[in-house]
Amino acid sequence: MANQFAVVTGASSGIGYELARQLASRGYDLLITASSEDISQAAANLRRDGSGVEVTEVRADLATPEGVEKVWAAITRDVDVLALNAGRGIGGEFVGGTDLRDEFNVIDVNVTSTVHLAKLALPAMVARDAGGVLFTSSIASTMPGTYQAVYNASKSFVQSFAEALREELKDTGVTVTALMPGPTDTNFFHRADMDDTRVGASSKDDPAVVAEQGIEALLKGKEKVVAGSVMTKVQGAASKVMPDSAKAKMHAKMAEPGSA
């Protein structure tokens with residue numbers, strides 16, 4: 001029998017790469033994609049890890065409709081797992097601190113491409129009455145993102161979108177799971193110009209641990225998982241009861257430029 005097949009976006013490094021590695025270790029053939037040329041090295045590493053699965057890489061900019069369509073055109077098999085992980089952030093004051101083009105890019109990658117690829121892939125999964133979708137959200141989705149206003153808002157969209165789709169598809173064989181990491185040791189904060197923030201300079205969770213917990217939740221059909229360390233899980237639990245004003249102030253202390 002042929003291996004099952006998984007698609008992972010944003011898979012050149014960090015959580016996305018570790019999601020792909022987790023799936024490969026479970027015998028899934030892979031299509032991985034990212035905008036960076038590092039996607040080729042990621043694919044080579046996955047092929048060398050001894051799992052024996054097939055790995056196809058697609059370099060594409062998911063911030064553009066053409067990039068999403070390029071990925072979709074490369075998917076020639078039934079999708080058993082769709083891991084919509086691609087995302088980016090930008091830190092700084094919304095007024096006077098960040099560039100509008102960067103904010104639009106965050107929305108295009110985090111929101112627009114997620115909706116676009118889900119819209120393309122889900123009908124066939126529902127028709128087959130099988131498969132699982134993993135959305136990489138964030139615990140940032142649960143709080144106002146002071147000094148990361150657009151990023152947190154984009155993750156709130158992803159979280160709401162995932163939970164809505166889960167309810168819509170509850171009577172099908174397709175499951176939807178939201179992966180909610182906290183601060184994780186990836187290139188995210190450097191790319192977001194947040195090296196000088198308290199959160200950027202602090203210790204962070206291991207992306208391999210985050211990915212393992214995410215894949216386990218996906219394969220069990222869970223609604224969502226706050227993934228990472230015990231501290232991250234405590235933060236996720238606390239965010240359920242804290243008022244938004246308090247969360248906005250807490251976020252400001254962590255993300256304010258120069259707070260490191």
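Colleague: What share of the exposed area of the protein chain do carbon and sulfur atoms supply?
Modeller: The model is a predicted one. Its protein chain exposes about 12,000 Å². Of that area, the part supplied by carbon and sulfur atoms is 52%.

Colleague: How many helices and strands are there in the protein chain, and what is its radius of gyration?
Modeller: The chain has 10 helices and 7 strands. For 260 residues the globule rule gives 18 Å, and the chain comes close to that value, so it is as compact as a globular protein of that length. Its radius of gyration is 18 Å.

Colleague: What percentage of the residues in the protein chain are buried?
Modeller: A residue is called buried when its relative accessible area is under 20%. The count runs over the 260 residues of the chain. Buried residues make up 49%.

Colleague: Is Phe 161 buried or exposed?
Modeller: Phe 161 sits in helix α5, which covers residues 149-168. Its relative accessible area is 18%, and the cut-off for burial is under 20%. Phe 161 is therefore buried.

Colleague: Which residues does Phe 161 touch, leaving aside those up to four places away in sequence?
Modeller: Contact here means heavy atoms within 4.5 Å. With the sequence neighbours up to four places away not counted, the residues touched by Phe 161 are Thr 114, Val 115, Ala 118 and Phe 135.

Colleague: How far apart are the centres of the positive and negative side chains?
Modeller: The protein chain carries 25 positive and 33 negative side chains. Each set has its own centre, and the separation between the two is 4 Å.

Technical notes. Residues are numbered from 1 along each chain as its sequence is written. This is a predicted model: local features need pLDDT of at least 70, side-chain atom pairs count only at pLDDT 80 or more; totals for chains, interfaces and linings use all residues. Side-chain values use heavy atoms; hydrogens and water are left out. Helices (H or I, at least four residues) and strands (E, at least two) are DSSP runs, numbered from the N terminus. The radius of gyration is taken over C-alpha atoms; the globule rule is 2.2 Å times the number of residues to the power 0.38. Buried means under 20% relative accessible area, exposed over 50%, partly exposed in between (1.4 Å probe, protein chains only). Accessible areas come from the Shrake-Rupley method with a 1.4 Å probe; for residues, only the protein chains shown count as cover. Lys and Arg count as positive and Asp and Glu as negative; His and the chain ends are not counted. The place of a charge is taken as NZ of Lys, CZ of Arg, CG of Asp or CD of Glu.
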